[in-house]
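Here are my notes for you to read alongside the model. Keep the 3D view open and click on each residue as it comes up.

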Amino acid sequence: MDSMLIGSFPRPCSSYVSSDDWRTVKFKLGHSPSSYVPVQISRNGAGRSYTVSFQQHLTKHHVRGIQEGCTFYKRWNTKCVVNAASGQPLESEPGASSPKSTLTPVKNALGAFYRFSRPHTVIGTALSIISVSLLAVEKLSDFSPLFFTGVLEAVVAALLMNIYIVGLNQISDIEIDKVNKPYLPLASGEYSVGTGVGIVTSFAFMSFLVGWIVGSWPLFWALFVSFVLGTAYSIDLPLLRWKRFALVAAMCILAVRAVIVQIAFYMHVQTFVYGRPAVFSRPLIFATAFMSFFSVVIALFKDIPDIEGDRIFGIRSFSVRLGQKRVFWICILLLQMAYGAAVSVGATSSCLWSKLVTVLGHAVLASILWTRAKSVDLKSKAAITSFYMFIWQLFYAEYFLIPLVR
């Protein structure tokens with residue numbers, strides 16, 4: 001009987017009338033086109049359960065089916081628990097849940113962490129370490145499991161520290177980010193301050209733990225200096241929060257992105273992985289000098305789209321002090337100077353293939369930069385932000401060229 005009744009009573013049809021206190025749906029009782037019975041569903045209590053009652057204008061040929069179905073309706077009424085606030089139609093199988101609804105919280109959590117980690121900085125950190133590690137490679141046999149293990153250890157430790165630094169900056173800038181970057185998890189309220197503190201604390205601990213387990217002094221010092229400068233840059237304590245001072249803030253970014261990344265991670269592979277003496281090679285000096293320009297540009301440019309919030313909260317960035325347009329063209333000039341120097345270095349290389357690749361590569365990047373810069377609408381925050389991400393793409397591209405400098 002139950003199986004027959006269930007076959008005779010499918011889900012309520014999608015066309016129903018609803019109000020705050022009741023809904024009317026229709027159930028099909030038979031096979032004829034006219035055999036539909038109106039059913040009124042009224043809400044009890046706080047909107048958590050419903051009572052099913054039948055309208056009295058039933059035709060005679062439906063009465064028997066209704067009587068036989070009473071047991072079914074009582075059971076359906078007991079099991080049917082619906083969130084009235086959702087406004088969704090009632091389901092005959094309330095216990096069922098779709099895979100999509102189950103995966104949604106996971107997707108939201110991953111999306112929030114993705115934004116929290118500031119992925120453009122994560123990509124830049126990983127590429128830079130791999131690139132400068134390749135500078136220590138002298139012959140084909142250097143590509144050994146030892147090399148790949150050493151690079152992987154450095155990348156993992158550095159990425160953990162990277163997330164600590166960008167996360168701490170977000171914790172310290174919640175009110176500013178509500179104006180400048182409202183999509184970030186702390187500014188939007190997706191993360192509580194406690195959640196943010198827990199993430200950055202655990203990632204800093206894991207970073208130092210990896211460095212200690214590996215046992216490489218260049219790697220450990222790279223992590224330690226990055227930790228100190230990243231903390232001093234962001235945290236709001238007396239004599240700290242160096243991001244308030246434009247020149248000091250730029251020097252912090254330059255020290256990490258240009259000096260520590262190039263020298264410390266190169267020495268990690270050169271001295272710890274390969275066991276060779278420390279040598280400041282020509283490509284290493286070039287990489288450090290070039291990335292010094294690039295790091296200053298990133299330090300200056302990142303504040304151009306954030307000028308509104310920085311001005312409100314007293315962050316005296318160069319963009320606030322000099323104006324967006326002037327800082328924008330200073331950044332373009334610095335990068336063009338860096339590309340010009342890179343072309344000169346490439347032209348003096350004794351290796352023909354290195355000369356061709358570095359000269360042509362940097363010339364092409366300089367041309368693309370200049371063409372793109374002339375088309376930027378400096379009155380549009382979206383356009384400036386897009387160009388800032390383009391600067392990061394140039395940053396990534398440079399790390400593909402650096403290992404080819406010989």
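1. A quick definition before we start: a helix here is a DSSP run of H or I with at least four residues, and helices are numbered from the N terminus. With that in hand, look at Arg 118, which sits in the loop between helix H4 (99–116) and helix H5 (119–134). Bear in mind throughout that this is a predicted model.

2. Stay with Arg 118 for a moment. Is Arg 118 buried or exposed? Its relative accessible area is 15%, and the cut-off for buried is under 20%, so Arg 118 counts as buried. Its backbone deserves a look too: phi is positive, about 55°, although Arg 118 is not a glycine. Most residues other than glycine have a negative phi.

3. Now zoom out. How many helices and strands does the protein chain have? There are 17 helices and four strands. Of the 406 residues in the chain, 45% count as buried. The accessible surface comes to about 20,900 Å², and carbon and sulfur atoms account for 66% of that.

4. Here is a number about how the chain folds back on itself. Take the contacts between residues at least 6 apart in sequence: 66% of them join residues at least 24 apart.

5. Next, find a pair of helices: H10 (residues 217–234) and H11 (residues 246–273). Their axes are 8 Å apart, and they pack at an angle of about 170°. Angles over 145 degrees count as roughly antiparallel, so that label fits H10 and H11. By class, their contact has 15 nonpolar, three polar and no charged residues.

6. Which residues make that contact? On the H10 side, they include Leu 219, Val 225, Leu 229 and Tyr 233. On the H11 side, Ile 253, Val 256, Phe 265 and His 268 are among them. Try showing these side chains together in the viewer.

7. What about the stretch that links the two helices? Leu 239 is found in the loop between H10 and H11. At 78% relative accessibility, Leu 239 counts as exposed. Leu 239 also has a positive phi, near 70°, in a residue other than glycine.

8. Time to check the model against a record. An unreviewed UniProt entry lists several stretches as "transmembrane region", including 219–239, 246–267 and 382–402. In the model, residues 219–239 are 76% helix and 0% strand, with the end C-alpha atoms 28 Å apart. Residues 382–402 are 95% helix and 0% strand, and there the end C-alpha atoms are 31 Å apart.

9. One residue to look up in that last stretch is Ser 386, which lies in helix H17 (residues 381–401). Ser 386 is partly exposed, with a relative accessible area of 38%. Where does the chain bring Pro 305 relative to Ser 386? The two are 81 residues apart along the chain, and their C-alpha atoms are separated by 9.7 Å.

10. Arg 316 gives you another such pairing. You will find Arg 316 in the loop between helix H13 (307–312) and helix H14 (318–322). Arg 316 and Phe 245 are 71 residues apart in sequence, but 6.2 Å apart in space, C-alpha to C-alpha. Leaving out residues up to four places away in sequence, Arg 316 touches Arg 244, Ala 246 and Arg 321. With a relative accessible area of 47%, Arg 316 is partly exposed.

11. Then go to Trp 370, in helix H16 (residues 352–374). Which residues does Trp 370 touch, not counting residues up to four places away in sequence? They are Trp 329, Ile 332 and Gln 336. The C-alpha atoms of Trp 370 and Ile 332 are separated by 7.6 Å, with their positions 38 residues apart along the chain. Trp 370 counts as partly exposed, at 41% relative accessibility.

12. Last stop: Asp 177, in helix H7 (residues 174–180). Is Asp 177 buried or exposed? Its relative accessibility is 6%, so Asp 177 counts as buried. Not counting residues up to four places away in sequence, Asp 177 touches Gln 170, Pro 182, Leu 184 and Ala 187. Ser 188 is 11 residues from Asp 177 along the chain, and their C-alpha atoms are separated by 8.8 Å.

Notes:
Residues numbered from 1 in each chain as written. Predicted model: local features only at pLDDT ≥ 70, side-chain atom pairs only at ≥ 80, totals over all residues. Heavy atoms only, no water. Axes fitted to C-alpha atoms, helices over the stretch in contact; angles between N-to-C directions. Parallel < 35°, antiparallel > 145°, perpendicular 65-115°, else oblique. Contact = heavy atoms within 4.5 Å. Nonpolar A, V, L, I, M, F, W, Y, C, P; charged D, E, K, R; others polar. Buried < 20%, exposed > 50% of the residue type's maximum accessible area, 1.4 Å probe, protein only. Areas by Shrake-Rupley, 256 points an atom, 1.4 Å probe, with all protein chains shown as cover. UniProt positions renumbered as here; feature names shortened; annotations may be inferred.
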